[in-house]
Amino acid sequence: MSTLRVAVPNKGSLSAAVTEMLSEAGYRQRRDSRELALTDPENDVEFFYLRPRDIAVYVGRGVLDLGITGRDLMMDADVDDAVEELMPLGIGASTFRIAGPQGEFSDFSELNGKRIATSYRVLVDHYLEEHGIQAETVRLDGAIETSIRLGVADAVADVVETGSTMRAAGLEPFGPALMKSEAVLIGRKDHHPKAEDRLVRRLRGVIVARQYAMLDYDIPKSLVDEAMRLTPGLESPTISPLADPEWVAVRAMVKENLVNRVMDELYDVGARAILVTPINACRL
């Protein structure tokens, strides 16, 4: 079986989050940010640390098998005919918006004849063409918020996480979001190496483990049905006998953001010894 070759962001906001996720999935990761490649012989995977913007190009051209990058960067690489999104990873969420000086624009139709500064020229050009908007895109590599003040553009198009940078520059988004982005696992179309399935299962296990916690509690047998309505688990909860024949122990996975509410409700029903344990990894 050939070694699976995977591209990982080498820097930027996604780098640390992706590295942490792969580590939780049981893969070796680099300790020195200057390393450009790392081999994990135990899992038969080789990781290559590349600019997030370039990852889709390497995967699309068949140099690498898989990659992790932002959905926005994948689409801007203009390799849709060669690359496909395999799964979203639930990290690095952002929104792609067009913004202009406060109060100047209210609708995309007002962009006709205007200049739009962006680091995502391909993505923006496709959107403008699809919606029949005649505007000029100005490609800049960064700090596009200052382009309007410097007279280079009339509006900007960029990824927005909180919007604070745009607001600080006196800009406000208008019109609908062009797209929702997050980190995604991508692969080459019609190319699915056997080791891909294992990586997908492991990453999916990390995502689920982060969303759920394990809840254990004791409850009288007579109240089990009522308690199970609060903790149905993913398929069904585990019920075990206790030394007291009138009581049982119940174990079930519960959404992390609902844990405290469910604990309160279980206590009100009659459950006791309610314990919560983090889930470090899982396979479903």
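**Exercise 1. Find the residue just after helix H2 that takes a positive phi, then work out which face of H2 is buried.**

Step 1. Go to the end of H2: just after this helix, Gly62 has a positive phi of about 80 degrees. Helices here are DSSP runs of H or I with at least four residues, strands are runs of E with at least two, and both are numbered from the N terminus.

Step 2. Know what you're looking at. This is a predicted model, where local features need pLDDT of at least 70, side-chain atom pairs count only at pLDDT 80 or more, and totals for chains, interfaces and linings use all residues. Residues are numbered from 1 along each chain as its sequence is written, and side-chain values use heavy atoms, with hydrogens and water left out.

Step 3. List the buried residues of H2 (residues 52-60): they are Pro52, Arg53, Ile55, Ala56, Val59 and Gly60. Buried means under 20% relative accessible area, exposed means over 50%, and partly exposed is in between (1.4 Å probe, protein chains only).

Step 4. Look down the axis of H2. The buried residues fall within an arc of 165 degrees, so they line one face of the helix. The arc is taken from the directions that lead from the helix axis to the C-beta atoms.

**Exercise 2. Sort residues of helix H4 into buried and exposed, and say what covers the buried ones.**

Step 1. In H4 (residues 121-130), Leu123, Val124, Tyr127 and Leu128 are buried. Down the axis of H4 they fall within an arc of 125 degrees, so they too line one face.

Step 2. Flip to the other side of H4, and you meet Glu129 and Glu130, which are exposed.

Step 3. Now for the cover: it includes helix H3 (71-76) and several strands, among them E6 (94-101) and E10 (171-181).

Step 4. Just after H4, Gly132 has a positive phi of about 65 degrees.

**Exercise 3. Put the strands E12, E13, E14 and E15 in their order in the sheet.**

Step 1. Two strands pair if DSSP finds at least two bridges between them. Four bridges join E13 to E14, nine join E12 to E14, and five link E12 (residues 212-220) with E15.

Step 2. Chain those pairs together and you get an open sheet with the order E13-E14-E12-E15, paired antiparallel. Its edge strands are E13 (238-241) and E15 (272-278), each pairing on one side only.

Step 3. Check some partners. Ser240 is opposite Ala249 in E14, Tyr212 is opposite Lys255 in E14, and Asp216 has Leu275 in E15 as its bridge partner.

Step 4. Trace the turn: E13 and E14 form a hairpin with five residues between them.

**Exercise 4. Work out how helices H1 and H6 lie against each other.**

Step 1. Two packed helices are described by the angle and the distance between their axes. The axes of H1 (residues 13-24) and H6 come within 9 Å and cross at roughly 105 degrees. Axes are lines fitted to C-alpha atoms, for helices over the stretch in contact, and angles run from 0 to 180 degrees between N-to-C directions.

Step 2. Give the angle a name. H1 and H6 are therefore roughly perpendicular, a label that covers 65 to 115 degrees.

Step 3. Pick out the contact residues (contact means heavy atoms within 4.5 Å). Glu20, Met21, Leu22 and Glu24 of H1 meet Leu199, Leu203, Val206, Ile207 and Arg210 of H6.

Conventions: Parallel < 35°, antiparallel > 145°, perpendicular 65-115°, else oblique.
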